[in-house]
Every structure is written in structure tokens, then in C-alpha cells.
Amino acid sequence: MIVPLFALLFSVMAHCQTQKQSSSYCDSTGSFCVSVGGVSKGEALVTVQSSATGWAAVAFGTTSMSGNTPAYVGWTGEGGSAVQISQRRLVSHSMPAFEATVVPVATPAWATADFPFAPSSKSLLFSFNVPVSLVNSTAFNCVYAFSNAAPSTRNTPNSDIARHDQVGQFKLDSALLSATNNTATQGGGGASISSGNLSSAKFCIDAAGASCVVIVRDAVAKLASVTVYSSLKGWAAVGTGSAMAGSTMFVGWKNDAKTVISQRSSGGNALPSTVALGTSTFTAIDTPSSIQIPNTTNTLFSFQVPESVIITTTTGSSNFIFAGSDSAPSDKSNPSSDFPIHSLKTAFSLDVSQLGTASTGVSVEANPSRATLILMHGIFMFVGFAVVMPFAIFIARYMKSRWVKSWFLIHLLLMTLGSGGLMIAGLVCVEWTLGLDGNTFVRNGVHGILGAAIIFGFYPVQVVLGVVCNALYNEKRTSVPWWDRLHHWLGRLIGLAAIVNMYLGINLWSNGSIGYAIGYFVWIALVVIVLFGVVGELLMVRRHRGVQFNEDGSTVGIGRQTVALPVPSVVGTSGHWFHETRMALSNSSGSSGSSIGGGSGYVSSSKHRLHNLVNEQQEVDKTRGHFTDDGVFKLPAKKAHKYQI
């Protein structure tokens, strides 16, 4: 009797202890449940259970799908085969972009102990490990989603997935997780620590822990040992700072049975240059035995640098970047070899300032303020160049005859305060992010260079030209001056360059998403084809209807018909000819008595062409024609003007 009681007591104690090491959540119907716990070696175990027949997902550290945080999506393979789990990036309310395949792990019994329904053969159930840095705050926000629609390819982790049927947000309380993490990381956050003179830190780029960086600091020897391992088959690299510009980088790759390490200096988003052998600061070493290397590793290298190199600080966290590729360098035996662009990259921070501890790094790529600034930059620039500027150009081209007195002021305000103000706001956002990265416009690739050329070069010149063209306008001119033509063509050049550069920016922000590119070009097509090609040209046609007197005074256009009229001889210096407009408009209907509307092509009768001779005493406008009170249009002799009715 006593033995079963003790067994029951120990079972309850074990259950309570397990409960204290995990935190869980279920929605009101039990259709989705998640638990987080089992912290070990800098990682936490996440278990997801759902009644969904398609897929289920969870993301930590965000309250929406645009938090720029990693999400973990899982589903069952074809015919109930192995679960497929993928890590994806939440950047907007569209399908999250695939980042990496996540290795599923066995689900322990305690992970589902708090769930209201026991797992069944019909349930979607999967477990995986995540860096404990994702869940190490006292209370952290989470979002979940699931769908009954199956992925397009069930046996492929990077498959497209259907839109969710249900989505929600919740909070997990992980105070106990943080406590167990502090204990566990003493032996598992980085390398094993056996001395108070050492400290270590580790950061894994992917949830499966296939690509990681471990740094061990020795305060007595004043050395920092760095180990990089990755499942990538081409090359891997770690560098100082949070961006390529100004980074000291260490690149490694496998050359048969040997490992090649190359120290590089990076000036921006281009191939880093090799540091001369005599000036390199690292020493290649064997990988410390205290660091556990997974069997999926393809690239592995370790090196030491003195503290004086300052790749880490002794007073707090240090920023690093990681990059790698499955494509090998062109000459694997040469440390100065070129190597292809990375297929994987991230930025993170490690803290080895606290001696006697082993800690886990924190991603800085998912910094919400940085992501928000970049998104705001894109929105400001898009509205400025793709919304406000087209409407300003539309007004200048098509609304002059309707808004005779106000069109230029509206056009000027839209181009300066509207489009120009949005450009300044966008520049503030991007300058802030460049400052965080220690970067500059010209080091930020083609998008940054072209954007700087437009905003700091072409656009100010275009605004000045517009003001000059308005100031020099002469209504008596018979041809378009060169400064007007320059203003027109420079505007077209700016518009074309802006279309290209906005696409480059969207491509960078969305990591090459086809959906965003299609949406962008649909908008551009609507502006060009509908606004300008249809609406604008219809306004232009209506604008040119009516009687038109050409500049040489010899032709009259009615609607789309043009009738040639011989220029009459003028008797005396005061003689003026005029044409009765009302009669011309009535004859344009094509009546039998009208030589204009009837299609004869010429007005042969002076009765139809001329109705009166103005005497010398009649008051006329010496510079341009005008309408009299009875609706007669008077045109001065020997003047060249174009009028519309």
C-alpha cells in the first residue's frame, strides 16, 4: 500500500516539475494549442497541436503578420508521412517567405499535458527547437494561424500554402523558462565553461542549429576563439558590425581535407577584398572539444584573435553578421579566391562580457524599428513618385485650358511640398537605417546610387527648370524654346528612372517576391494607360474641338475637320477681317448650304468667308482677337495666333 502511494506522489511531483518548465496556450475551441518548454543548450522545445487538416503555424515576439519575425509552419506529408516544418519570415499580410527547413523532433508526453484533447491519428502534431532568445522574456506576444487547405506540395517544406482559415494572438508567460535557461546555458549556450576566466556565447542562424557561431573569451590569455559551422556546402563567414560596410570578415571553406580561412575587408555590398597576409590578425586553430558539432555540418573552421583586435567588447554585446552559400569559391585552394554571393545572411549580437557564463545571441535583423523605418521609406517614396508626381504631371499636361489661372500653382505645390516633402520624409527614414548600419547611399547598391542621383541631382534641376519656364513664358512665341523641351524630357527621364528604382527597392524589401512586383507594375500600368492614355487624351480631344485659327491665319479647324481659307488682302493699315463664329459652328453640321460642313474643302464664296469690313474708326485689340457683344470674333490683320472656341 505504501509503495503505490509513493509512486503516485513521485508522479505528481514530476508532473508539477514538468508544468513549471513549460508554458502553453489553447484557443477557445481547442483547435490550436502550443507549448514552449524543455530549455536545454540554449534552445527551447515548441510543440504545436491542431485539428487543422492543412497546416498550422506559430510566431513569437509579434502581434501581427508584419512583425518581421520568424514563423514556424508545419503540416503532414503525403499519406500521413513525415511532418514538414519550415521557418518563414513575416513581413506583410501575404504568404510568408521561406527561409529554412526545420528538423522535427520527438514530442515528449509533458509537451501536450496541458492540451484539452489528447493527440489522435487525425491531429496535426509536431515539435521542434527554437533559439531560447525568441522566448526568453517574462511575457512575450505570439500569433498563430491554421488552415484546412493543404499546401500545394505536401512533401516539400518550402511549398506555397493557402490563406489561413483562422488567426489569433496570445501571450505566453515564460518567467520559469528564463530561470531554467540561465541554468542551462552555463553548459549549453556556447561552449562548456569550466573556469571563471572564460565566457562564451552562441548564435544559430536557423532553428535547427545547422549554422551557428560560437565565441569563447579567455580573459587571462586575452584571446577570443571563434568557431563557425554550417550545413552550407560552399562557404560561410562571420564579420564584425551589423552590415557589410566597414566589416572585418573571416570567410572559410573546405578544400578537400583541409580548411581555408581568409580575412577580408568589406566596403559595402560587393565582394570583400582580401587582407594581405602580413596584416591579418587571426590564427587558425582546431575546433575546441567543448563545442558540439552536429553531423549535418559541411563547413567548419575555428580561429583566434587577440582582444586588441576588438571583434568583441568586454563591457556589453557586440554586433556580428553571418553569411554563406552552397556554391563554392572559384579557386578553393586560394585564400584570395572570389566566391559567389551569399544565399543566407543575418545579423546578430553576442555578449561575452560576463565571465563564467555561457549565453545565447540575439538576432538584430528582426529589429522592429529597423523594419518599420524601411517600410515607411518605401511607402513615402512610392506615394511621392507613383501617386503625387503623376497627378502633378497630369495637371500640367491636360488641365491648362480648364484651370488657366491656377494650374501652375497647383502643379508647383504638388511637385515641391507634395512629392518633395514625401521624398524628404523617405530620406529621413533611410538615413536612419543607414546610420544604424554604418552605411552610405553609394555603398548601398544600385538602388541607393540611383535614388541619390534622382533626389539630389535630377529632381532639384527639374524644379528650377519649371520655375524658369514659367517666368520666361511668352504667349506670342511661335515655337517651343529649348528650356521648355529640356524640362519635358528631363521629367520623362526622372519618371522612367523612378519606376526602375522603385522596383529595385520593392525587390530588396520583399526578397524578390513576385507578388509585390506584379502589384507594383499593375499600378504603374493603371497610371500610364488609364490616367494618361485614356482620361488625359480624352480631355485633350475635347480641348481641341471647336473653331481653330492657325498661327498663319490661313486655316480654320472645326472639331476634327480643317478647312483652308485664303488669307485675304488687306486694304489700308487699319483694315481687319473677321469671321462670324456662330455661323461657322452652325455650318459645321454638314448642311447642304455649308461649304465647310459639306466637305467641299474650301470656302469659295466671300459671303461665307467674310461678312463685313471693319472701318478705320472701329476699336480693335491690337495684340489679339476678341469676341464682340454680338458674338463676332475679330482677328487683327498681319497677326499670327491660335484660338479655340
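**Note on the predicted model: loops, sheets, cores and helices**

1. Aspartate 256 lies in the loop between E15 and strand E16 (258–265). In this predicted model, aspartate 256 has a positive phi of about 60° although it is not a glycine. A first-year reader may find this worth pausing over, because most residues other than glycine have a negative phi. Is aspartate 256 buried or exposed? Its relative accessibility is 63%, and because exposed means over 50%, aspartate 256 counts as exposed.

2. Lysine 222 can be read alongside that residue, since lysine 222 also is not a glycine and has a positive phi, of about 55°. Its place is in the loop between E12 and E13, and these two strands form a hairpin with four residues between them.

3. For the chain as a whole, the secondary structure comes to nine helices and 30 strands. Of the 645 residues in the protein chain, 43% are buried. If one takes the contacts between residues at least 6 apart in sequence, 61% of them join residues at least 24 apart.

4. One open sheet has six strands, in the order E18-E19-E13-E12-E11-E22, and its pairing is mixed. Its edges are strand E18 (283–285) and strand E22 (358–360), each of which pairs on one side only. Neighbouring strands of this sheet are turned against each other by 20° on average, if direction is ignored. As background, strands of a sheet pair through backbone hydrogen bonds, either parallel or antiparallel.

5. Within this order, strand E12 (residues 212–218) deserves a careful look, because six of its seven residues are buried and it is therefore largely enclosed by the rest of the structure. Strand E11 (residues 198–204) pairs with E12 in the antiparallel sense over seven bridges, and in this pairing cysteine 204 stands opposite cysteine 212 in E12. E12 also pairs with strand E13 (residues 223–230), again in the antiparallel sense and over seven bridges, and here cysteine 212 stands opposite tyrosine 229 in E13. Towards one edge, E18 and strand E19 (residues 299–306) pair in the antiparallel sense over three bridges, with phenylalanine 303 in E19 as the bridge partner of alanine 284.

6. Another open sheet has seven strands, which follow the order E17-E16-E15-E14-E20-E21-E23 with antiparallel pairing. The edge strands are strand E17 (273–274) and strand E23 (362–363), and each pairs on one side only. Strand E14 (residues 235–240) and strand E15 (residues 248–255) are joined over four bridges in the antiparallel sense, and glycine 239 stands opposite methionine 249 in E15.

7. Which residues have the most contacts inside the largest nonpolar core? They are Phe32, Val46, Val48, Val58, Phe60 and Phe128, in a core of 27 residues. At least two residues of this core come from each of strand E2 (32–40), strand E3 (43–50), strand E4 (55–60), strand E8 (124–131), strand E9 (139–147) and strand E10 (166–173). Valine 58 illustrates the packing: leaving aside its neighbours within four places in sequence, valine 58 is in contact with Phe32, Val34, Val46, Val48, Ala71, Tyr72, Phe128, Val143, Tyr144 and Phe170. A second, separate core has 22 residues and includes Ala201, Phe303, Phe320 and Phe322.

8. E8, one of the strands that supply the largest core, has six of its eight residues buried, so E8 is largely enclosed by the rest of the structure. E3 pairs with E8 in the antiparallel sense over eight bridges, and the bridge partner of valine 48 in E8 is phenylalanine 126.

9. Helix H5 (residues 445–471) has 27 residues and reaches 39 Å from its first C-alpha to its last, close to the 39 Å expected at 1.5 Å a residue. The reader should nevertheless note that H5 bends by about 35° at isoleucine 454. The buried residues of H5 include His447, Gly448, Gly451, Ala452, Ile454 and Ile455. When looking at such a list, it helps to recall that an α-helix has 3.6 residues a turn, so residues three or four places apart point the same way.

10. Helix H6 (residues 482–509) has 28 residues, which should span 40 Å at 1.5 Å a residue, and its end C-alpha atoms are 40 Å apart, so the two values agree. Among the buried residues of H6 are Asp484, His487, Leu490, Gly491, Ile494, Ala497 and Ala498.

Methods:
Residues are numbered from 1 along each chain as its sequence is written. This is a predicted model: local features need pLDDT of at least 70, side-chain atom pairs count only at pLDDT 80 or more; totals for chains, interfaces and linings use all residues. Side-chain values use heavy atoms; hydrogens and water are left out. The expected span of a helix is 1.5 Å times one less than its number of residues. The bend at a residue is the angle between axes fitted to the seven residues ending there and the seven starting there. Buried means under 20% relative accessible area, exposed over 50%, partly exposed in between (1.4 Å probe, protein chains only). Two strands pair if DSSP finds at least two bridges between them. Axes are lines fitted to C-alpha atoms, for helices over the stretch in contact, and angles run from 0 to 180 degrees between N-to-C directions. A nonpolar core is a set of buried Ala, Val, Leu, Ile, Met, Phe, Trp, Tyr and Cys residues joined through side-chain atoms within 4.5 Å. Contact means heavy atoms within 4.5 Å.
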